[in-house]
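User: I want to see how the labels on this model are earned. Take me through them one at a time.

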Amino acid sequence: MKKIPLVLVAGFLGSGKTTFLQALMRELKEKGVGFSVVVNDFENAEVDATRLRTLGAEVQAISGSCVCCGSLNEFLLTLRDIEVPEDGVLLVEANGASDQISLIAAVTMRGECRRFLSPMQVTMVDARRWQRRDCQNALEKEQVLTSTHWFLTHQAGADKTRLAEVSKAVLSLAPRAVTTSVEDFARYLRLVRAGGGFGKDEER
């Protein structure tokens, strides 16, 4: 059986995950790539899910604790059972406080996820607030470590020096991660679903 691409949309609270996800869904529709979505949030998961359903997708909401810990079993059962269109992809927006390392370990090792490829992770990096979160700076860094792709958000109001500083920091943490955009990432997913490989050159 052909395995399904699984994409984790990660990033700290307020970094722009839902905005990126909405734009990605529209871009995938334009490219003829089917998708289903899982959204995790402390309180607003169903609100976000309702908004995302207007784009014509199967969307499952998991409210409460993060899917890396308290809601992990519910999350894994959702991954096991959710319907994904033929030749489609599954998009997962993780809670902004999620431990991505623990989440990826669970998805990789648990039997509920055997129908998926090893997860890709596109991480939203907030240009304005990167490493300005006091006691949460360590978690923000950890969320970047497992990235396969990353996208710099909230660039308005950040000068060139700040943008260069943040980009350098991210690349030092995840040197193999690819800087991407909504359009490039959608194109990449279309290639992956068609069996086109996972190399950086595929995005060019």
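User: Why is glutamine 131 called partly exposed, rather than buried or exposed?

Analyst: Its relative accessibility is 23%. Buried means under 20% relative accessible area, exposed over 50%, and partly exposed in between (1.4 Å probe, protein chains only). The value of 23% falls in between, so glutamine 131 counts as partly exposed. This is a predicted model: local features need pLDDT of at least 70, side-chain atom pairs count only at pLDDT 80 or more, and totals for chains, interfaces and linings use all residues. Residues are numbered from 1 along each chain as its sequence is written, and side-chain values use heavy atoms, with hydrogens and water left out.

User: Where does glutamine 131 lie, and what is its phi?

Analyst: Glutamine 131 lies in the loop between strand E5 (120-126) and helix H5 (137-145). Helices (H or I, at least four residues) and strands (E, at least two) are DSSP runs, numbered from the N terminus. Its phi is near 60 degrees, a positive value in a residue other than glycine. Most residues other than glycine have a negative phi.

User: What makes aspartate 134 exposed?

Analyst: Its relative accessible area is 67%. That is over 50%, so aspartate 134 is exposed. Aspartate 134 also sits in the loop between E5 and H5. Its phi is positive too, near 55 degrees.

User: How do you know whether asparagine 137 is buried or exposed?

Analyst: Asparagine 137 has a relative accessible area of 18%. That is under 20%, so it is buried. Asparagine 137 is found in helix H5. It touches Gln131 and Arg132, not counting residues up to four places away in sequence. Contact means heavy atoms within 4.5 Å.

User: Why is H3 called oblique to H4?

Analyst: Helix H3 (residues 72-81) and helix H4 (residues 100-109) pack at an angle of about 45 degrees, with their axes 11 Å apart. Angles under 35 degrees count as roughly parallel, over 145 as roughly antiparallel, 65 to 115 as roughly perpendicular and the rest as oblique. An angle of about 45 degrees belongs to the rest, so H3 is oblique to H4. Axes are lines fitted to C-alpha atoms, for helices over the stretch in contact, and angles run from 0 to 180 degrees between N-to-C directions.

User: Which residues make that contact, and how do they divide into nonpolar, polar and charged?

Analyst: H3 gives Leu72, Phe75, Leu76 and Leu79; H4 gives Leu103, Ala106 and Val107. They divide into 7 nonpolar, no polar and no charged. Ala, Val, Leu, Ile, Met, Phe, Trp, Tyr, Cys and Pro count as nonpolar, Asp, Glu, Lys and Arg as charged, and the others, Gly among them, as polar.
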